[in-house]
Amino acid sequence: MPIMYPHLLKKIPLFALLDDEEVAVLSEQLDQKRVFAGQMVFNQGDAGGTMYVVQSGKIEIFVKDDNNERVVLSTIEPGGIFGELSLLDNEPRSAGAKAIEDTFLFVIDRHDLEMLFEKHKHAALDIMTMLSRRIREA
């Protein structure tokens with residue numbers, strides 16, 4: 001189901017440099033997903049190619065250590081993104097993601113970005129700029 005409110009995407013740092021037309025094109029491609037508290041979004045090792053933006057709720061990102069103990073890497077709150085590395089390199093998930101409360105997510109796959117970049121080539125640089133800032137912060 002396409003996102004009905006493109007202005008919500010503008011509030012997400014990853015898309016902050018996109019203009020209104022670019023955000024509208026992207027929002028037409030996205031889907032929403034609801035996950036309930038305790039439900040896995042994906043497991044470590046799952047196939048990638050999709051990233052997520054938390055619209056509401058909270059997601060825990062974790063790995064399992066050598067003793068099979070859960071090590072929490074981060075908690076993603078509204079406006080936060082996760083799964084972006086797998087979207088870019090299409091490699092298996094390096095961590096697991098689990099809803100710690102009922103959550104609504106925007107789902108972004110490679111095709112969504114391809115559609116945006118076909119219509120607005122310079123949008124790729126804007127998104128790469130914001131992803132680089134995120135990587136530097138990490």
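The following exercises, each with a worked solution, concern a predicted model of a protein structure.

**Exercise 1. The open sheet**

Task: Determine the order of the strands in the open sheet of four strands, and state which strands stand at its edges.

Solution.
Step 1. The order of the strands is β1-β8-β3-β6, and the pairing is antiparallel.
Step 2. The edges are formed by β1 (31–35) and β6 (81–82); each has a single partner strand, so one side of each lacks a neighbour in the sheet.
Step 3. Within the sheet, β3 (residues 50–56) and β8 are joined by six bridges in the antiparallel sense.
Step 4. A residue pair illustrates this: M51 has I108 in β8 as its bridge partner.

**Exercise 2. The surroundings of β4**

Task: Describe how β4 pairs with β5 and with β7, and state how many of its residues are buried.

Solution.
Step 1. Six bridges link β4 and β5 in the antiparallel sense. Here V63 has V71 in β5 as its bridge partner.
Step 2. β4 also runs antiparallel to β7, with four bridges between them. On this side, E60 stands opposite K98 in β7.
Step 3. Five of the six residues of β4 are buried, and the strand is mostly covered.

**Exercise 3. Two residues with positive phi**

Task: For N68 and N90, give the value of phi, the place in the chain and the degree of exposure.

Solution.
Step 1. As background, most residues other than glycine have a negative phi.
Step 2. Phi of N68 is near 65 degrees, a positive value although the residue is not glycine. N68 belongs to the loop between β4 (59–64) and β5 (70–76). These two strands form a hairpin with five residues between them.
Step 3. The relative accessibility of N68 is 54%; exposed means over 50%, so N68 counts as exposed.
Step 4. N90 likewise is not a glycine and has a positive phi, of about 60 degrees. N90 lies in the loop between α3 (84–89) and β7 (96–99).
Step 5. With a relative accessible area of 45%, N90 is partly exposed.

**Exercise 4. Helix α4**

Task: Identify the buried residues of α4, and explain why they are said to line one face of the helix.

Solution.
Step 1. In α4 (residues 110–119), the buried residues are D112, L113 and L116.
Step 2. Viewed down the axis of α4, these buried residues fall within an arc of 90 degrees, and therefore they line one face.
Step 3. A general rule helps here: an α-helix has 3.6 residues a turn, so residues three or four places apart point the same way.
Step 4. The buried residues of α4 pack against α2 (20–29), α3, β8 (103–109) and α5 (123–137).
Step 5. At the start of α4, a side-chain oxygen of D109 comes to within 3.0 Å of the backbone nitrogen of H111.

**Exercise 5. Helix α5**

Task: Compare the expected span of α5 with the distance between its end C-alpha atoms, and then describe its buried and exposed residues.

Solution.
Step 1. At 1.5 Å a residue, the 15 residues of α5 should span 21 Å. The end C-alpha atoms are 21 Å apart, which agrees.
Step 2. The buried residues of α5 are A123, A124, D126, I127, M130 and L131. Down the helix axis they fall within an arc of 165 degrees, so they line one face of α5.
Step 3. The face turned away from the buried side carries L125, I135 and R136, which are exposed.
Step 4. The buried residues of α5 pack against α2, β6, α3 and α4.

**Exercise 6. The nonpolar cores**

Task: State how many residues the largest nonpolar core has, which elements contribute two or more residues to it, and what F15 touches.

Solution.
Step 1. The largest nonpolar core has 21 residues, and L14 and F15 have the most contacts inside it.
Step 2. Two or more residues of this core come from each of α2, β3, β8, α4 and α5. The largest share, four residues, is that of α5.
Step 3. Beyond residues up to four places away in sequence, F15 touches L9, K10, V23, L26, V53, I108 and I127.
Step 4. A second, separate core has 15 residues, including V41, I61, L105 and V107.
Step 5. V23, one of the residues that F15 touches, is found in helix α2. Its relative accessibility is 2%, so V23 counts as buried.

Definitions and conventions:
Residues numbered from 1 in each chain as written. Predicted model: local features only at pLDDT ≥ 70, side-chain atom pairs only at ≥ 80, totals over all residues. Heavy atoms only, no water. Buried < 20%, exposed > 50% of the residue type's maximum accessible area, 1.4 Å probe, protein only. Arc of directions from axis to C-beta. Contact = heavy atoms within 4.5 Å. Polar contact = N/O pair within 3.5 Å; in protein donor to acceptor, adjacent residues only side chain to side chain. Pairing = 2+ DSSP bridges. Core = buried A, V, L, I, M, F, W, Y, C linked by side-chain atoms within 4.5 Å. Expected span 1.5 Å × (residues − 1).
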